[in-house]
Amino acid sequence: MADQGKEPASVLVWSRDQRTPRRQAPSVEQIVRTAVVIADAEGLAALSMRRVAAELGSGTASLYRYVASRDDLLDLMIDKVHGEDGPPTLSGDWRADLTSVAQHTRATLLRHPWLGSELTGRPALGANSLRQQDVALTAAAALTPDITLAANVVDAVLAYVFGTVAQELAELQAQRRSGLTEEQWRAGVGPYIREVIDSGAYPQFARRVIEAEDSTPDERFAFGLACVLDGAEARVRGTR
């Protein structure tokens, strides 16, 4: 029943005419907003058209009249979260602007843990997503007018952001699974770490544990991003 009236998968959701819901039917905005709430709370594994319909008190078949498939729903969800805050305002300073782009992207990914895996596996082509991409490319264009280089710089910055956020989310997930705070986890592994240090087999690791200052996630992110931007600038300047 759910497949009746569905358009070919090759037709993008963005190129279709949006149907106007009947008086009692949930709107596309309500469908997408509900789907985002489910994914944020429980992950994409919990997301289905049936689950969204249940949350809205609607029939599953009626949702397919306005959102043709789960893939289309994901496209709409991605674009919705990209439009939550709007893109950062650009200053014309390429480093400051790319830093703002990176920070904005990180905040969005942390707010919606399901988003990163979807963005790395599919192009985001909705209006809000395209606006975000255009702003990022405009920021990089202040470093180089070469659009290929600018695109490569943006890709490098975003790859760093995605990788860093994936690590942050993995740490949060591990804490949830164990039920331990970081302080409790450290107390639990403390005796073993002391044995490792006392063995003398790993002197640099021992130095890190004993001497290095603990950095916050924000500080580690800022340091790594600065390294990426330094490298991008050196590479671009070297091609001129």
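**Exercise 1. Find which residue forms a salt bridge with D85, and work out where the two partners sit.**

Step 1. D85 pairs up with R111 in a salt bridge, and their closest N and O atoms are 3.1 Å apart. Here a salt bridge is a side-chain nitrogen of Lys or Arg within 4 Å of a carboxyl oxygen of Asp or Glu.

Step 2. Now place them: the pair links distant parts of the chain, with D85 in the loop between α4 and α5, R111 in helix α5, and the two positions 26 residues apart. Helices (H or I, at least four residues) and strands (E, at least two) are DSSP runs, numbered from the N terminus.

Step 3. Check the surroundings. D85 has a relative accessible area of 54%, so it is exposed. R111 has 35%, so it is partly exposed. The cut-offs are these: buried means under 20% relative accessible area, exposed over 50%, and partly exposed in between (1.4 Å probe, protein chains only).

Before you go on, a word on the model: it is predicted, so local features need pLDDT of at least 70 and side-chain atom pairs count only at pLDDT 80 or more, while totals for chains, interfaces and linings use all residues. Residues are numbered from 1 along each chain as its sequence is written, and side-chain values use heavy atoms, with hydrogens and water left out.

**Exercise 2. Describe the protein chain as a whole: how many helices and strands are there?**

Step 1. Count the elements: the chain has 11 helices and 0 strands.

Step 2. Look at burial. Of the 240 residues, 34% are buried.

Step 3. Look at contacts, meaning heavy atoms within 4.5 Å. Take the contacts between residues at least 6 apart in sequence: 73% of them join residues at least 24 apart.

Step 4. Search the whole structure for salt bridges, and you get 14.

**Exercise 3. Compare two more salt bridges: which residues do R33 and R95 pair with?**

Step 1. R33 forms a salt bridge with E29, with 3.4 Å between the closest N and O atoms. Both residues lie in helix α1, 4 residues apart, which is about one turn of the helix.

Step 2. R33 has a relative accessible area of 39%, so it is partly exposed. E29, at 40% relative accessibility, is partly exposed too.

Step 3. R95 pairs with E233, and here the closest N and O atoms are 3.5 Å apart. This pair links distant parts of the chain: R95 is in helix α5 and E233 in helix α11 (residues 217-238), 138 residues apart.

Step 4. R95 is partly exposed because its relative accessible area is 26%. At 25%, E233 also counts as partly exposed.

Step 5. Widen the view: R95, D230, E233 and R237 are linked in a network of salt bridges.

**Exercise 4. Take helix α2 (residues 49-56): which of its residues are buried, and what covers them?**

Step 1. The buried residues of α2 are M49, V52 and A53. They cover an arc of only 100 degrees around the axis, so they sit on the same side of α2. That arc is the one made by the directions from the helix axis to the C-beta atoms.

Step 2. Turn to the other side of α2, and you find R50 and A54 exposed.

Step 3. What covers the buried residues includes α1 (28-42), α3 (60-63) and α4 (70-82).

Step 4. Just after α2, G57 takes a positive phi of about 65 degrees.

**Exercise 5. Work out how α1 and α4 meet: at what angle do their axes cross?**

Step 1. The axes come within 9 Å and cross at roughly 85 degrees. That makes α1 roughly perpendicular to α4. Axes are lines fitted to C-alpha atoms, for helices over the stretch in contact, and angles run from 0 to 180 degrees between N-to-C directions. Angles under 35 degrees count as roughly parallel, over 145 as roughly antiparallel, 65 to 115 as roughly perpendicular and the rest as oblique.

Step 2. List some of the residues: those from α1 include V28, I31 and V32, and among their partners in α4 are L73, L76 and M77.

**Exercise 6. Place H112 and S129: is H112 buried or exposed, and what does S129 contact?**

Step 1. H112 is in the loop between α5 (94-111) and α6 (115-121). With 3% relative accessibility, H112 is buried.

Step 2. Not counting residues up to four places away in sequence, H112 touches V36, D40, V81 and E84.

Step 3. S129 lies in helix α7 (residues 127-141) and, at 1% relative accessibility, is buried. Leaving aside neighbours within four places in sequence, S129 contacts I78, D79, H82 and A124.
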